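Let's take a walk through a protein together, one piece at a time. Keep the structure open beside you and turn it around as you read.

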Amino acid sequence: MTKTTKVLIIGSGPAGYTAAIYAARANLQPIQALGIQPGGQLTITTDVENFPGFADVIQGPWLMEQMRLQAQHVGTEMIEDMIDSVDFSKRPFVCKTDSGQVIEAETVIISTGAQARWLGLESEQKFRGFGVSACATCDGFFYKGKKVMVVGGGNSAVEEAMYLTNFASEVILVHRRDSLRAEKIAQDRLFANPKIRVIWDSVVEEIAGEENPLSVTGVKLRNLKTDQVNELAVDGVFVAIGHTPMSEIFKGQVELDEEGYIKVTPGSTATNIPGVFAAGDVADKVFRQAVTAAGLGCMAALEAERFLTHQV
């Protein structure tokens, strides 16, 4: 059986759900394929303090559930499935789900997000959200006057470390090599900051912490040149080794940059394919915030509506 829709939204999270809300309110009867992790990265985020409208701390999974319910309430049809192939060569666009469902769509909004790259440690998984984070902008506030560690050596790691100096008493940057990959001007700022010290040629072996409540207390570091293992007391660990945009199935369909992010027209969510739009972290490698993703989802829905209006 083939479903047809004016707007297909691929993926969920703040961008996808907001796009669904706006598209449904525009009477476009959107279909939303929720994907493998409905709600996206916020479903594994505990305390959220920076989403407008809530005076008290809220939980990421709860916020995503509320967005989902709102999108359903205004008329979005949701499919608990993931899109595994797309054909954007002609309209209507043809998309197929993992279960074999075929969806023909006049417009498509891609909101598949991006995933933070992790170190792959069991202890990292254990303390994720309880002292281990991949977003200084999201969680830096919780480390006022505390000692934190940033793992990485690129622009993202340097930016995270610099941002954390606004809160932490000390920031330790750990890099597996003896030089950073970050831009020279960013490095100069980092080395000039008295709150930051760098540990070279080292990798994280294990993250240690308390059980009740779950909290990070330290890190075991191994020097790659001497093989010596040292323990360091820290209150939080920020992993900044990059993000992977979830754009694999769109390769050869829409234009991607060298890192795999979907290219959009400046000031817009439009891709190089008329009628295909991209919103949220799959297209935004700069901000990667829930509120900016939601804003881009709104833009994508409004642009899809205008596109459809001009097709008549």
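Before we start, one term: a residue is called buried when its relative accessible area is under 20%, exposed when that area is over 50%, and partly exposed in between. Keep in mind, too, that you're looking at a predicted model.

Let's use that term straight away on helix α7, which runs over residues 290-311. This helix has 22 residues and reaches 32 Å from its first C-alpha to its last, close to the 32 Å expected at 1.5 Å a residue. Which residues of α7 are buried? They are Ala293, Ala294, Gly297, Cys298, Ala300, Ala301, Glu303, Ala304, Phe307 and Leu308. Take Cys298 from that list: its relative accessible area is 16%, so it counts as buried. As for what lies over these residues, the cover includes β1 (2-10), α1 (13-25), β8 (102-110) and β19 (276-278).

One of those neighbours, α1, deserves a visit of its own. Its 13 residues should span 18 Å at 1.5 Å a residue, and the C-alpha atoms at its two ends are indeed 18 Å apart. How much of α1 is covered? Mostly, it is: 11 of the 13 residues are buried. Among them are Gly13, Pro14, Ala15, Gly16 and Tyr17 at one end of the list, along with Ile21, Ala23 and Ala24. The cover over the buried residues of α1 includes β1, β2 (31-33), α2, β5 (77-79), β8 and α7. Just after α1 you'll find Asn27, which takes a positive phi of about 65°.

Now hop over to α2, residues 60-73, and look for Arg68 in that helix. Is Arg68 buried or exposed? With a relative accessible area of 16%, it falls under the 20% cut-off, so this arginine is buried. Leaving aside its neighbours within four places in sequence, Arg68 is in contact with Tyr17, Leu34, Pro38, Met78 and Glu80. You've met Tyr17 already, as one of the buried residues of α1.

Next, find Ala114 in strand β9, which covers residues 114-116. Its relative accessible area is 3%, so Ala114 is buried. What touches it, apart from neighbours within four places in sequence? The contacts are Gln41, His243, Thr244, Pro245, Met246, Asp281 and Val282. Compare that with Glu183, which sits 69 residues away from Ala114 along the chain: the two C-alpha atoms are separated by 23 Å.

Time for a pair of helices. The axes of α5 (residues 155-164) and α6 (residues 184-192) come within 10 Å and cross at roughly 35°. Their crossing is left-handed. Where they meet, α5 brings Asn155, Val158, Ala161 and Met162, while α6 brings Ala186, Arg189 and Leu190. Sorted by class, that contact has five nonpolar residues, one polar and one charged.

What about the cysteines? The model has one disulfide, and it links Cys135 and Cys138, with sulfur atoms 2.2 Å apart. The link is right-handed, with 70° about the S-S bond. Its two partners fall into separate classes: Cys135 is buried at 15%, whereas Cys138 is partly exposed at 27%. Elsewhere, Cys95 has a relative accessibility of 0%, so Cys95 counts as buried.

We'll finish with some spots where the backbone does something less usual. Most residues other than glycine have a negative phi, and most peptide bonds are trans. So where are the cis bonds here? One joins Arg91 and Pro92, with omega about 0°, and Pro92 is in the loop between β6 (83-87) and β7 (93-97). Another joins Asn212 and Pro213, again with omega about 0°, and Pro213 lies in the loop between β14 (202-210) and β15 (215-223).

Two aspartates round off the tour. Asp201 has a positive phi of about 55° although it is not a glycine. You can spot Asp201 in the loop between β13 (196-199) and β14, and its relative accessibility is 13%, so it counts as buried. Asp227 also has a positive phi, about 65°, and is not a glycine either. Look for Asp227 in the loop between β15 and β16 (229-233).

Key: Residues are numbered from 1 along each chain as its sequence is written. This is a predicted model: local features need pLDDT of at least 70, side-chain atom pairs count only at pLDDT 80 or more; totals for chains, interfaces and linings use all residues. Side-chain values use heavy atoms; hydrogens and water are left out. A disulfide is a pair of cysteine sulfur atoms within 2.5 Å. Buried means under 20% relative accessible area, exposed over 50%, partly exposed in between (1.4 Å probe, protein chains only). Helices (H or I, at least four residues) and strands (E, at least two) are DSSP runs, numbered from the N terminus. Contact means heavy atoms within 4.5 Å. The expected span of a helix is 1.5 Å times one less than its number of residues. Axes are lines fitted to C-alpha atoms, for helices over the stretch in contact, and angles run from 0 to 180 degrees between N-to-C directions. A crossing is left-handed if the near helix is turned anticlockwise from the far one by less than a right angle, and right-handed if clockwise. Ala, Val, Leu, Ile, Met, Phe, Trp, Tyr, Cys and Pro count as nonpolar, Asp, Glu, Lys and Arg as charged, and the others, Gly among them, as polar.
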